[in-house]
Amino acid sequence: MKAISTLAIAIIIIIVIAVVAAAAYFITSSSHHPSVATTTTPTIATNTTAPVTLTVVTFSGESANFIQYAGELFHQIHPNVQVEVIKYPFSEYIQKELTALEAHSSQYDIVGFTSTSALDVASYLLPLNQSVFNFSDIIYPQEDFGGLYYNASTSKTEIIGIAYETAVYLMAYNATIFDNQTLAQEFEQEYHMNFSPITYENWTVVLDVDQFLMSHHITKYGFLIDDHVAHGIIDAFPAVYGWYYFRNSSLNMGNLAGLPNYNIMFEGKILPGFNYPLPSFNSTSGVQALITYRELVSYEPSPSQIQISYDNLPEFFSQGAGAFLFTSQLSYINNSKDVLLAPLPGGYAETGTDFLGISKYSSHPQLALEFLQFLVSPKIQESAFLKYGKFPISKQAFLSLVSNSSLPSYQREWLQEAYLAALNATANPPNVPQTYPALIPSFNNEAFQFLTASQYNETYAMYVLQQAANAWIKALSS
């Protein structure tokens, strides 16, 4: 009996040690983002000799061209594997994907989507195990907005896609104006602030610079910002509002970026009795942001006559001090070598990244996973910028490019500033399913009324924000 007891004790000790070791491994492997649920991606052994075609579906453009290029490099390593990228116009691609996914078709192995279409396809994608990707190298705020799905019923976050490039909404400015030492001295003497955009700590400085440049007839407009009612307002307002949200703990409740999929336009926690967080912008912080936004718009064409949008902003750029824009717009600006970048005032940004996920109905899920790992590896990410002008998602790729002396100095400056901004790109609008059909139009229409009103004050600002918040609550509760 004594021998049996000793053996039993030994077995128990071994089991305890194994459990502790397993727990330690779990904690270590989850340390990059502890709120993300650990899941197991199904693995199917791939026949390494039989020919295989891995099919990616996404929208047409340079991103798709980059994915195809990476596919050709992947083929060199795996000669039996062909990567085929199916491209549809942006206005059609998501419906094409959904038609196949809803039919449980194995037609597509890898599915492309944007931040705002993420939840349309989420239920058809395999959850990705965090440990499969080197998240210490991936710029995680880019992953947050679209690559993550917050499951309110379990309070867990799941990874549904991997960001394969970086896109941030930040400040672009005309270097010929801000490198002018005479103008800098005049501004600093008059306003007692630094003229350089990389030093701006708040939105008040931007308004002072706008006023200075236009009153001295140096530029026709100030810093341009999107006020397009059909879509652009939902990008521009959160960019301004972020400054106030980050500093209001009663709104963010310790989650500075808000909850995944809801983001900063909602409170940072779900209150008891609700299955969604309440809107955050119908607050004093929201009022301050909306008034600031209105004042920024006052230094550009009147939105009653011409609305600044993603499409026409580049043509107005040369007439202003600069603009708040997505890095994807840089290539459309004339004389872009004279354009430099800075984060939004206070050192943050907004993101708008694209993603790839693996279809639940793929015949080659393990191979698809290997291709995604390859796509976000540092060397391939360097190629994304060098060949296609796409900012990388890999930190190592960013740093390697910044130190690449063969690149023009302005491009290295873009890379450096985009990298720093991307690390704190958390001022994001929501991407819950109700966003496009309900949240965007209800908010944009109310905000546009405020932007175009002949008279405005804090009371009116709170009224329009409350109207939008009521519409959001109705959309979410239904």
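**A tour of the sheet and its aromatic pairs**

Start with helix H3, residues 90–102, in this predicted model. Helix H3 lies across S1, S2 and strand S3 (110–114). Its direction runs at about 135 degrees to S3.

Next, select helix H5, residues 140–147. Helix H5 packs on the sheet and touches S3, S6 and strand S12 (354–358). The directions of H5 and S12 make an angle of about 65 degrees.

Now show the strands alone. The sheet is open, with five strands in the order S2-S1-S3-S12-S6 and mixed pairing. Go to the edges: strand S2 (81–88) and strand S6 (162–163) each have a single partner strand, so one side of each is left without a neighbour in the sheet.

Zoom in on strand S1, residues 52–59. S1 and S2 run parallel, joined by eight bridges. Pick Leu-54 here; Val-83 in S2 stands opposite.

Turn to the rings. The structure holds 40 aromatic pairs. Select Phe-113 and Phe-355: their ring centres are 5.6 Å apart and their planes stand at 15 degrees, so this pair is stacked. Phe-113 belongs to strand S3 and Phe-355 to strand S12, 242 residues apart in the chain. Are these two rings buried or exposed? Phe-113 has 0% relative accessibility and counts as buried. Phe-355, also at 0%, counts as buried.

Then select Tyr-173, Phe-178, Phe-187, Tyr-191, Phe-195, Trp-203, Phe-212, Phe-223 and Phe-324 together. Ring pairs link these residues into a cluster.

Last stop: Trp-243 and Arg-247. The charged end of Arg-247 sits over the Trp-243 ring, 4.0 Å from the ring's centre.

Definitions and conventions:
Residues numbered from 1 in each chain as written. Predicted model: local features only at pLDDT ≥ 70, side-chain atom pairs only at ≥ 80, totals over all residues. Heavy atoms only, no water. Pairing = 2+ DSSP bridges. Helix = DSSP H or I, 4+ residues; strand = E, 2+ residues; numbered from the N terminus. Contact = heavy atoms within 4.5 Å. Axes fitted to C-alpha atoms, helices over the stretch in contact; angles between N-to-C directions. Phe/Tyr/Trp six-rings, centres within 6.5 Å; stacked < 30°, edge-to-face > 60°. Buried < 20%, exposed > 50% of the residue type's maximum accessible area, 1.4 Å probe, protein only. Lys NZ or Arg CZ within 6 Å of the ring centre and 35° of its normal.
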